[in-house]
Structure formats: structure tokens, C-alpha cells
Amino acid sequence: MHQITLRQVTLAFSPSNKPTPPIWDQVWNSSIVLAHILDTLAPTLHPASILELGCGRAVAGLYAAHVFPDAHVVLSDTSWDCLAAAEESIAVNGCSGRVTAVHLNWYDTDNDAVLSNSPFPLIIASDVLYMQRAVKALVNMLGRYLADEGVALVVDPDRPYADEFAEALLEKGGFTVTREYLDRRGRRVNADLDVLDSESNEIPPGLLEAADANPSCKKFNVFHITKNHN
């Protein structure tokens, strides 16, 4: 078993058995950063349910289940192989019963059946904007499944479509969006990597390097998105 420890939580995952693992079967550093953010925000958020979009290895979603023990967490992805691995991880990490995994296609408008407990007061996603067509699809998913006054946290490893995503949110309307940058130590920085908050909680040294499918990333876009009440 491969293990990831952040703060006081250790998550276990079966190692990939493929010579070249598919995209979902890797631990991307954005999911570690998202887990770090959830840990920081835990005292201020009290969600009854959480949806992870594009869960992949479900690092952030499973961590959320520990940070918010009273919440029901829904892990979602479009890959059936990914969901099978997620089901195994749910059991291995002792989360059966309060974490479920569902197949979700962002480009299919008929997802209501698998998301019967929507809308969600908290939606999380990490490194899901690696294709341009995902930008509009993600905005539409947030518009449909984020509860009024709910919060979405989206972490992006400075990929080319982050600006387009921010613009698409504003164009759709109905959201309040705050964007900040974190460096690889979890510190708030500006676009030039100048540290703005040296007192912030840091990601444990070596954690990203130990589980990092994107080592070239120097900073992360963090979008805090609130859906305005209609």
C-alpha cells in the first residue's frame, strides 16, 4: 500500500499495476494542496455533504471525509476504472457508508440521478482544467450542483486555462470568485512567487516531492468560489 500522511491523517492507496499509469492513477500535487487547504478551512466550514469532481485517486475527497466527519462525501469521475479504485480506497481507509463513488460525465446534462443528494454546500476539485473544453463544463457543473451560498474550492497547478476559467465564472454570473496563489510549501504568494504570508501553515516538507506527478509546477491557482443566493 502507498501511504500519504498530511497532518494527523494517513491515507492508504493500492499502488498502480500499470507500467504507464493512466492520468487518474497518479497522485497529482494539486490534490495534496487541496487537502492542505481543507485542513486550514475546516474550522470555518460545516458542510453536510461534499462533492469531489474528477476525483482521480481521491486524495482530497478522502481527506475531506476525515476533516469533516459528519459530512457525506461523493467522489466522482468519468473513468470506471478510477471509480473501482476509489471504492477500494474507501474501504481501505475506513470510510464505507459515508463516502460513495459515482460515475459523472461533465458533458452529459443528465447527471441528476447519480447526484440525488445535490445541491452540495461544498464542491472540491484539483487539476481538472488540463483541457480547454473542461473550462465551460466545470463552470456549468458548479452552476448546477453547488448550493446557494455554497463554496467550491478549485486548485489548478498553473495550467494554461486558469485565466479562462476565472473569466468564464464571471461571464456566467452568480458567483463571487477569489483567486490566490500558493507555492509548493503552501504559502500565499503573488504571481511572481514573492511570499505574502510567511506565517501561514505550511505543507510538510517533502510531501509533494514524495507523491508528485507534476514536479515542474512552482505555484498553484486556488479559486474560492461562492454561489450567490438567487
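**Notebook: backbone angles, helix α1 and a surface patch**

I looked up A58 and found this residue buried, because its relative accessible area is 0% (buried is under 20%, exposed over 50%, partly exposed in between, with a 1.4 Å probe and protein chains only). The model is predicted, with local features needing pLDDT of at least 70 and side-chain atom pairs pLDDT 80 or more, while totals for chains, interfaces and linings use all residues. Residues are numbered from 1 along each chain as its sequence is written, and side-chain values use heavy atoms, without hydrogens and water.

I placed A58 in the loop between β3 (49-53) and α2 (59-67); helices are DSSP runs of H or I with at least four residues, strands runs of E with at least two, numbered from the N terminus. The phi of A58 is near 65 degrees, a positive value in a residue other than glycine.

I then checked E149, in strand β7 (residues 146-156). Its phi is also positive, near 65 degrees. E149 counts as exposed because its relative accessible area is 57%.

For helix α1 (residues 29-41), I compared the 18 Å expected for 13 residues with the 19 Å between its end C-alpha atoms, and the two agree. The expected span is 1.5 Å times one less than the number of residues. I noted that ten of the 13 residues of α1 are buried, among them I32, V33 and L34.

Finally, I looked at Y107, in the loop between β5 (99-103) and β6 (120-126). Y107 counts as partly exposed because its relative accessibility is 37%.
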